[in-house]
Amino acid sequence: MTEHIDADDLALMAASFEAVMAEAPGPGEADQALYDLGWGELLAAAPGPAAAMAFSALGTTGSAATLLEDVVAHALGLPFSPDVCVLIPDTFHAIPAAPQPGEPRIFNQEEPLEVDGLVSSRIDRAATVVTVMDGKYGPELTSFEAGFLRGRGATGVDPAHAYRHLSVRVAAHFLTPLETEATWESAVAAARVALAHQLIGGARWMLAEARQHALDRVQFGHPVASFQSIRHKLAESLVQIEGAASVAEACLHDPDPLLAGLAKSLAGQAALTTATHAQQVLAGMGFTAEHRFHLWLKRTLVVDTLFGSANSLPAEIGRDLLTRGTAPRLIQL
């Protein structure tokens with residue numbers, strides 16, 4: 001199997017993944033079911049198309065499967081499995097001094113690592129946590145036992161996905177430096193492209209629900225879909241979704257970090273815009289717990305914040321463009 005998977009085969013796999021995600025009751029069961037279906041082999045053989053397919057299914061089904069860890073670990077060239085959890089860092093303090101190039105790393109036993117970040121519900125069943133710290137020579141990968149984080153932190157707005165924000169101190173002698181030729185920047189790019197596909201999948205679901213409601217709901221003897229304001233909201237959502245999707249598709253193979261950030265930013269904005277318009281079209285139905293819209297809204301709010309949000313990424317992209325002094329072409333004519 002190569003990165004160029006037949007479109008028909010990919011469609012069949014997507015249908016199988018969606019069926020598993022829709023049926024699995026929780027993230028642990030979903031992760032194991034997807035691994036049984038061949039998620040690990042598919043990611044290793046074709047990381048770009050595999051992540052795009054799987055994360056689109058995550059967005060469409062609203063599944064709580066925790067596949068982001070696998071995408072990050074694979075991009076870093078590290079072994080990945082349901083036993084490995086990735087801590088998405090915010091800030092680091094008291095970083096052990098980095099060695100000179102070629103010298104063995106020696107951790108200062110008097111300086112524990114204090115880390116703030118996010119972990120998914122995989123932490124409850126994982127054995128190892130992988131994270132990155134700011135070293136003297138740039139980002140440095142390290143790992144430690146998951147027991148240091150288990151049970152810490154509080155559940156956020158999306159209990160089903162159960163990302164937890166936490167702050168923890170780990171003694172330096174419990175840290176294991178990881179050697180890999182890959183960079184943290186490449187892992188962030190892979191994660192952003194995968195999350196962009198999840199946001200787009202979720203936005204498509206919300207748009208479909210709003211459209212169907214507009215067709216079914218009748219006011220003043222006419223479907224509300226015939227009202228110009230409703231049509232404009234749905235059309236604006238569709239335009240943003242398709243624009244984001246075109247950029248995300250351009251990042252399937254060896255994504256450029258700049259384009260990956262742009263894909264994530266556009267997908268986040270498209271999902272947030274769609275969520276806003278869908279809420280207005282659904283009206284009172286969208287506020288009820290009986291309608292599933294609130295689940296996708298909560299998931300969108302959480303996923304948008306991972307590895308840069310629609311609000312924070314434009315500034316990062318602008319700094320990158322100023323540094324480069326040029327802007328890449330999204331479409332080569």
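**A walk through the cores and helices**

Let us start at F55, which touches L67, L68, V71, A194, L195, H197 and Q198, leaving out residues up to four places away in sequence; contact here means heavy atoms within 4.5 Å. This is a predicted model, in which local features need pLDDT of at least 70, side-chain atom pairs count only at pLDDT 80 or more, and totals for chains, interfaces and linings use all residues. Residues are numbered from 1 along each chain as its sequence is written, and side-chain values use heavy atoms, with hydrogens and water left out.

F55 also belongs to a wider picture: with W39, L68 and F307, F55 has the most contacts inside the largest nonpolar core, which has 81 residues. Such a core is a set of buried Ala, Val, Leu, Ile, Met, Phe, Trp, Tyr and Cys residues joined through side-chain atoms within 4.5 Å. Buried means under 20% relative accessible area, exposed over 50%, and partly exposed in between, with a 1.4 Å probe and protein chains only. Helix α6 (residues 184–216) gives this core its largest share, 18 residues; helices (H or I, at least four residues) are DSSP runs, numbered from the N terminus. Another core, of 15 residues, lies apart from it and includes C85, V115, L149 and V170.

Next comes α7 (residues 228–249). Its 22 residues should span 32 Å at 1.5 Å a residue, and the end C-alpha atoms are 31 Å apart, which agrees; the expected span is 1.5 Å times one less than the number of residues. Within α7, I230, L234, S237, I241, A244, A245, V247 and A248 are buried. They cover an arc of only 165 degrees around the axis, so they sit on the same side of α7; the arc is that of the directions from the helix axis to the C-beta atoms. On the other side of α7, Q228, R231 and V239 are exposed. The cover over the buried residues of α7 includes α6 and α8 (257–282).

Further along, T300 lies in helix α9 (residues 293–305). T300 counts as buried because its relative accessibility is 5%. Beyond four places in sequence, T300 touches L199, M206, A271 and L272.

In helix α10 (residues 313–324) we find L321, which counts as partly exposed at 30% relative accessibility. L321 and L258 are 63 residues apart in sequence, yet 8.3 Å apart in space, C-alpha to C-alpha.

Finally, a word on confidence: pLDDT, the predictor's confidence in each residue from 0 to 100, averages 83 over the chain, and 86% of the residues score at least 70. It stays under 50 over residues 92–100 and over residues 103–109.

Methods
Helices (H or I, at least four residues) and strands (E, at least two) are DSSP runs, numbered from the N terminus.
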